[in-house]
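This report describes the fold of one protein chain and the side-chain contacts within it. The sequence and the structure are shown first, and the description follows.

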Amino acid sequence: MKVTLYIATSLDGYIARSNGGIDWLSIVEAQEEDYGYATFYDSIDAIVLGSKTYELGLSFDQWPYPDKKSFVFTQRDLKCDREDVVFVFDTVKHALENIKTEGFKNIWLVGGGALINSFLTHSLIDEYIISIIPIILGDGIRLFPPPTPEEKLEFINSKQYPSGLIQLRYRRKQSVYNS
């Protein structure tokens with residue numbers, strides 16, 4: 001099983017404003033460019049996300065992760081009518097073992113920061129696809145909130161777009177996954 005963190009961050013390392021807002025992502029929206037999102041989305045089997053990221057998804061006009069099983073990590077008593085959303089109250093390591101037994105092979109770690117740190121703590125992120133948006137927010141929800149464990153990465157590639165977005169791809173060194 002492969003876990004990929006596919007996420008956008010401001011130049012100063014924030015994935016959202018302090019209130020959870022992601023309106024600033026619109027500065028790189030381009031009608032002809034999806035920054036590889038459709039190809040990436042087609043390559044994944046399931047999604048893992050934290051409860052605040054899940055609630056942000058509910059605020060959109062449509063559920064942003066159609067046709068994919070979504071595993072929402074939470075300690076709160078959340079409800080959902082969607083059959084493709086499962087609430088997870090277990091540790092990330094144990095939960096991933098269960099997800100693997102269900103046959104999922106390519107997992108998208110959507111966020112947020114606390115969940116990302118939980119995955120990092122157990123060296124569970126195989127690949128990082130991080131899009132840097134040309135904006136400095138100055139404050140907000142950090143991509144890697146401290147304390148963040150050390151993780152050695154191997155560079156795969158980078159791509160620069162006319163909008164100013166730069167997408168970086170890394171893999172965890174000594175990963176069992178080889179692309």
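Where in the chain does G112 lie? In this predicted model, G112 is found in the loop between strand 6 (106–111) and helix 4. A cis peptide bond, with omega at about 5 degrees, joins G111 and G112.

**Overall fold**

The secondary structure of the protein chain consists of 4 helices and 10 strands. Along the sequence, these elements follow the pattern β-β-α-β-α-β-β-α-β-α-β-β-β-β. The radius of gyration is 16 Å, close to the 16 Å that the globule rule gives for 179 residues, so the protein chain is as compact as a globular protein of that length. Taken along the principal axes, the box filled by the C-alpha atoms is roughly 40 × 40 × 35 Å.

Of the 179 residues, 43% count as buried. The accessible surface of the protein chain is about 10,000 Å², and carbon and sulfur atoms account for 50% of it. Among contacts with a separation of 6 or more, 67% are between residues 24 or more positions apart.

**Aromatic residues**

The structure holds 15 aromatic pairs. One of them is formed by Y6 and Y37, a tilted pair with 6.1 Å from centre to centre and 55 degrees between the planes. This pair links distant parts of the chain, since Y6 belongs to strand 1 (residues 2–10) and Y37 to helix 1 (residues 37–43), 31 residues apart. Y6 has a relative accessibility of 11% and therefore counts as buried. Y37, with a relative accessible area of 29%, is partly exposed.

A further pair, Y54 and F87, is edge-to-face, with 5.4 Å from centre to centre and 90 degrees between the planes. Y54 lies in helix 2 (residues 51–58) and F87 in strand 5 (residues 85–88), so this pair ties together parts that are 33 residues apart in sequence. Both Y54 and F87 are buried.

The residues of these two pairs also belong to one aromatic cluster, formed by Y6, Y37, F40, Y41, Y54, W63, Y65, F87 and W108. Y41, a member of this cluster, has the charged end of K68 over its ring, 5.0 Å from the ring centre. In another such arrangement, R142 lies over the face of Y14, at 4.9 Å from the ring centre.

**Salt bridges**

How many salt bridges does the structure hold? There are 9 salt bridges, including the three in the table.

| Salt bridge | Closest N to O distance |
|---|---|
| E55 and R76 | 3.0 Å |
| R82 and D84 | 2.8 Å |
| D126 and R172 | 2.7 Å |

In the salt bridge of E55 and R76, E55 lies in helix 2 and R76 in the loop between strand 4 (69–73) and strand 5, so the pair ties together parts that are 21 residues apart in sequence. E55 counts as partly exposed at 34% relative accessibility, and R76 counts as partly exposed at 36%.

In the salt bridge of R82 and D84, the partners have contrasting surroundings: R82 is partly exposed, with a relative accessible area of 32%, whereas D84 is buried, with a relative accessible area of 16%.

The salt bridge of D126 and R172 links distant parts of the chain, with D126 in the loop between helix 4 (113–121) and strand 7 (127–133) and R172 in strand 10 (residues 166–172), 46 residues apart. D126 and R172 are both buried. In addition, salt bridges that share partners join K2, E127 and R169 into one network.

**Backbone features**

A cis peptide bond also joins P146 and P147, with omega at about -5 degrees. P147 is placed in the loop between strand 8 (141–142) and strand 9 (153–160).

Y35 has a positive phi of about 60 degrees although it is not a glycine. Is Y35 buried or exposed? With a relative accessible area of 10%, Y35 is buried, and its place is in the loop between strand 2 (14–16) and helix 1.

D67, which is not a glycine either, has a positive phi of about 65 degrees. D67 lies in the loop between helix 2 and strand 4. Its relative accessible area is 76%, so D67 counts as exposed.

Key
Residues are numbered from 1 along each chain as its sequence is written. This is a predicted model: local features need pLDDT of at least 70, side-chain atom pairs count only at pLDDT 80 or more; totals for chains, interfaces and linings use all residues. Side-chain values use heavy atoms; hydrogens and water are left out. Rings of Phe, Tyr and Trp (its six-membered ring) pair if their centres lie within 6.5 Å; planes under 30 degrees apart count as stacked, over 60 as edge-to-face and the rest as tilted. Helices (H or I, at least four residues) and strands (E, at least two) are DSSP runs, numbered from the N terminus. Buried means under 20% relative accessible area, exposed over 50%, partly exposed in between (1.4 Å probe, protein chains only). A charge sits over a ring if NZ of Lys or CZ of Arg is within 6 Å of the ring centre and within 35 degrees of the ring normal. The radius of gyration is taken over C-alpha atoms; the globule rule is 2.2 Å times the number of residues to the power 0.38. Contact means heavy atoms within 4.5 Å. Accessible areas come from the Shrake-Rupley method with a 1.4 Å probe; for residues, only the protein chains shown count as cover. A salt bridge is a side-chain nitrogen of Lys or Arg within 4 Å of a carboxyl oxygen of Asp or Glu.
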